[in-house]
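Trainee: Got a minute? I'd like to go through this one with you.
Mentor: Sure, put it up.

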Amino acid sequence: MTTPEGIPHLTEAERQGAADGTLASARRRAVDAHLSACDACDADVARLRGVIARARASEPPPAPLDALWPDIRARIERQKVVPLVPAVTPNGVGRSRVARVVRIGAGLVAAGLVAALGMSVVARREGRVVVSPAPVAAAPGAGDARLASNPADSSRLYEQEVQTLLDELRLRRALLRPDVAARMDHDVRVIDAAIAELQDALREDPNNPALRQLLAASYRQKRDLLRRVDDAS
Amino acid sequence: MTAGTAGAAAPGASDVVRRAQQGDVQAFESLYRAHGPAVYALARRMLGDDGEARDAMQDVFVRAWERLASFRGDSALATWLHRLGVNVILERLRTAQRDDRRFTDDDADDTPAPRAVADAIDARLDLDAALARLSPGARTVFVLHDLEGYSHAEIAQMTGIAAGTARAQLWRARRHLMRHLDP
């Protein structure tokens with residue numbers, strides 16, 4: 001295509017380049033000269049520039065932040081693996097702080113563990129499911145060998161195992177005496193509350209090895225409690 | 001490139017980032033609220049569909065949570081998130097169009113995406129509606145080049161198409177938008 005004067009119109013590449021300013025300088029001078037003499041090409045380039053400018057100036061669509069966050073958070077929580085194996089603490093570093101945290105954490109967990117272990121042995125006697133007293137757990141300490149973490153420990157693995165046990169117990173709940181079921185529910189709630197408090201504490205101090213040990217211990221206690229009830233039922 | 005729609009880090013953002021990296025979900029939510037609008041705008045325009053954009057937004061921030069520990073602060077978090085968002089969105093497009101070949105076909109036209117066709121759109125379209133009627137390939141190149149500031153070479157690298165193809169897609173997209181926005 002040519003102008004009325006017989007000069008070829010700009011190519012598509014030249015028009016687009018003129019519109020977004022990406023032409024090389026030598027070529028740009030020739031294109032600018034053509035545009036000043038050719039109304040058709042000039043108008044076309046102006047329209048292209050207008051589209052680009054309008055697109056860049058347009059307001060972005062509003063983001064549904066509140067609507068999306070609960071699902072995002074739920075996915076994060078499902079996938080979250082809390083590494084329960086603490087990093088090695090250098091000797092003497094932060095020892096007093098660890099001890100303080102352990103005392104706090106032990107206090108948080110002790111109530112849950114004591115209550116849970118109070119009914120933790122379930123046995124069949126004379127064809128009935130009964131609860132017998134169990135030894136009361138000592139408050140865990142930093143050096144407590146029982147709290148040594150298994151390298152495979154993770155909150156997700158415990159939660160998966162606990163959920164499996166809860167699902168099984170749901171099916172067998174009819175076999176439990178109502179007071180036993182109620183006691184189990186209560187003790188699970190107590191342990192869950194301790195776990196939640198430890199998780200909160202870990203959010204504030206995520207690298208604290210003592211809190212991680214206590215959390216691991218709480219998970220294990222919950223799992224063991226459910227296992228014993230499951231076995232007995 | 002310039003992360004065109006990404007916001008600057010707020011004062012004290014580094015502390016929030018550090019807390020989020022340590023597993024603090026509340027800190028991560030703060031980052032989500034600060035940077036979510038830019039990520040959503042990117043997704044909405046590249047995907048041309050609100051539902052798809054919402055899904056992509058979730059994927060971006062879940063991926064960000066998973067990978068936040070690898071963020072070293074060499075670039076602004078906004079830039080890091082923006083690039084992560086582009087990658088996640090491109091993955092979604094590739095998955096959705098694996099057999100479509102729009103990204104690799106030089107002759108790809110601006111046939112409207114099926115979902116966009118189903119939309120009843122007025123003759124006078126706003127930008128987002130007009131973008132939604134572009135083919136995914138043309139829309140992607142237009143958004144990345146004209147709105148987000150990526151070069152053709154960067155777009156070619158990210159999408160796996162030739163730079164010449166990206167250029168042709170861009171020109172086609174502009175012509176399409178010109179017809180609908182400036183008839």
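Mentor: One definition before the layout: helices and strands here are DSSP runs, at least four residues for a helix and at least two for a strand, numbered from the N terminus. Also, this is a predicted model.

Trainee: Okay. What pattern does chain B follow along the sequence?
Mentor: Chain B reads α-α-α-α-α-α-α-α-α. That comes to 9 helices and 0 strands.

Trainee: And how many helices and strands are in chain A?
Mentor: Chain A has 8 helices and 2 strands. From the N terminus the order is α-α-α-α-α-β-β-α-α-α.

Trainee: What share of each chain is buried?
Mentor: In chain B, 46% of the 183 residues count as buried. In chain A, 26% of the 233 residues do.

Trainee: What about long-range contacts?
Mentor: Take contacts between residues at least 6 apart in sequence. In chain A, 76% of those join residues at least 24 apart. For chain B the figure is 72%.

Trainee: Before I trust any of it, what is the mean pLDDT of chain A?
Mentor: Chain A has a mean pLDDT of 70, with 64% of its residues at 70 or more. Confidence there is highest in helix H1 (residues 12-20) of chain A, at 94, and lowest in strand S2 (residues 128-132) of chain A, at a mean of 33. Residues 85-153 of chain A have pLDDT below 50, and that stretch has 107 contacts in the model beyond near neighbours in sequence.

Trainee: How should I treat a stretch like that?
Mentor: Where pLDDT is low, the predicted coordinates should not be read in detail.

Trainee: And chain B?
Mentor: Its mean pLDDT is 80, and 77% of the residues of chain B reach 70 or more. Residues 1-12 of chain B are below 50, with 31 contacts beyond near neighbours in sequence. Residues 102-109 of chain B are below 50 as well, with 16 such contacts.

Trainee: What ipTM does the predictor give the complex?
Mentor: An ipTM of 0.77, with a pTM of 0.56.

Trainee: How many residues of chain A are in contact with chain B?
Mentor: 26 residues of chain A are in contact with 29 residues of chain B. On the chain A side, H1, H3 and helix H4 (65-79) each give two or more residues. By class, that side has 14 nonpolar, 4 polar and 8 charged residues.

Trainee: Let's look at H3 of chain A. Which of its residues are buried?
Mentor: Cys41(A), Asp44(A), Val45(A), Leu48(A), Val51(A), Ile52(A) and Ala55(A). Down the axis of H3(A), these fall within an arc of 115°, so they line one face of the helix.

Trainee: What sits on the face of H3(A) turned away from the buried side?
Mentor: The exposed residues Asp39(A), Ala43(A), Ala53(A) and Ala57(A).

Trainee: And what covers the buried residues of H3(A)?
Mentor: The cover includes H1 and helix H2 (25-37) of chain A, together with H6, H7 and H9 of chain B.

Trainee: How far apart are the end C-alpha atoms of H3(A)?
Mentor: They are 26 Å apart; 19 residues at 1.5 Å a residue should span 27 Å, which agrees.

Trainee: Switching to H7 of chain B. Why is it described as largely enclosed?
Mentor: 12 of the 12 residues of H7(B) are buried, so it is largely enclosed by the rest of the structure. The buried residues of H7(B) pack against helix H3 (39-57) of chain A, and against H2, H4, H6, H8 and H9 of chain B.

Trainee: What span does H7(B) reach?
Mentor: H7(B) covers residues 136-147 and reaches 15 Å from its first C-alpha to its last, close to the 16 Å expected. Gly149(B) follows H7(B), with a positive phi near 85°.

Trainee: Now the cores. How many residues does the largest nonpolar core have?
Mentor: It has 65 residues, and those with the most contacts inside it include Val39(B), Met57(B) and Val141(B). H2(B) gives the most to this core, with 11 residues.

Trainee: What does Met57(B) touch?
Mentor: Leaving out residues up to four places away in sequence, Met57(B) touches Leu68(A), Gly36(B), Val39(B), Tyr40(B) and Ala43(B).

Trainee: Last one: His9(A). Where is it found?
Mentor: In the segment before H1 of chain A. His9(A) has 15 C-beta neighbours inside 10 Å, so it counts as partly exposed. Its C-alpha lies 9.9 Å from that of Val31(A), 22 residues apart along the chain.

Terms used: Residues numbered from 1 in each chain as written. Chains lettered and ligands numbered in written order. Predicted model: local features only at pLDDT ≥ 70, side-chain atom pairs only at ≥ 80, totals over all residues. Expected span 1.5 Å × (residues − 1). Buried ≥ 20, exposed ≤ 12 C-beta atoms within 10 Å, placed from the backbone. Contact = placed C-beta atoms within 7 Å. pLDDT = per-residue confidence, 0-100. Nonpolar A, V, L, I, M, F, W, Y, C, P; charged D, E, K, R; others polar. Core = buried A, V, L, I, M, F, W, Y, C linked by C-beta atoms within 7 Å. Arc of directions from axis to C-beta.
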